[in-house]
Amino acid sequence: MTNPWSGKVTLSTNGQVTKATYSCNSGYTLTGVTDRTCLADGNWDGTESTCSEVSTSVSTTESTESHNEKINSALLAATVAVSSVLGVVVVAVIVVLVLYIRRRHGNSARETSAYTESIPQHVYVNRAAEQNPDDHDYLQMTTREYSSVSVLV
């Protein structure tokens, strides 16, 4: 009985039966039976066991999968962060535009209102009698008294 490569065989007896027990060094796994018994004719039952190096391809695959999961998690986190920032920026731009338009519209309405209130009422002439009934522009400003009138909008 010889020791397998990267392992050993331990012999034990109870006085009647001799037994061989196989074991392997760390990093190796046993292929075959753990125990063999010596027969009455002096031969051993079964076949010799061997020690094989533990396959690292499984741990490499697991390591690669774990690494890929970490990368995917990081990409997901980055995507969520960028999306959140872009969402906040879009909302801020919309709010600024709405406030700008409201302010501009409010200023325009005040300027137009102040301007029209300062024009004497006799400037507007009711032209309803002279207009075609299909024409809905009944109030017109005379251009005689004010040759250039500009309204800020």
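Q: Why is Cys 24 called partly exposed?
A: Buried means under 20% relative accessible area and exposed over 50%, with partly exposed in between (1.4 Å probe, protein chains only); Cys 24 has a relative accessible area of 23%, so Cys 24 falls in the intermediate class. This is a predicted model, in which local features need pLDDT of at least 70 and side-chain atom pairs count only at pLDDT 80 or more, while totals for chains, interfaces and linings use all residues. Residues are numbered from 1 along each chain as its sequence is written, and side-chain values use heavy atoms, with hydrogens and water left out.

Q: Why is Cys 51 called buried, and in which class does Cys 38 fall?
A: Cys 51 has a relative accessible area of 8%, which is under the limit for buried, so Cys 51 is buried. Cys 38, at 27%, lies in between the two limits and therefore counts as partly exposed.

Q: What makes the pair Cys 24 and Cys 51 a disulfide?
A: The term requires a pair of cysteine sulfur atoms within 2.5 Å, and the S to S distance between Cys 24 and Cys 51 is 2.0 Å, so the pair meets the rule. By this rule the count is one disulfide. The link has -90° about the S-S bond and is left-handed.

Q: Which parts of the chain does this disulfide tie together?
A: Cys 24 lies in strand β2 (residues 18–24) and Cys 51 in strand β5, so the pair ties together parts that are 27 residues apart in sequence. Strands are DSSP runs of E with at least two residues, and helices are runs of H or I with at least four, numbered from the N terminus.

Q: How do you know whether Ser 49 is buried or exposed?
A: Ser 49 has 1% relative accessibility, which is under the limit for buried, so Ser 49 counts as buried. Ser 49 is placed in the loop between β4 and β5 (50–53).

Q: What makes the approach of the Ser 49 side chain to the backbone oxygen of Val 33 notable as a distance?
A: The side chain of Ser 49 reaches that backbone oxygen at 2.5 Å. Leaving aside neighbours within four places in sequence, Ser 49 is also in contact (heavy atoms within 4.5 Å) with residues including Pro 4, Tyr 22 and Leu 30.

Q: Why is Val 33 called partly exposed?
A: The relative accessible area of Val 33 is 39%, in between the two limits, so Val 33 is partly exposed. Val 33 sits in the loop between β3 (28–31) and β4 (35–37).

Conventions: Polar contact = N/O pair within 3.5 Å; in protein donor to acceptor, adjacent residues only side chain to side chain.
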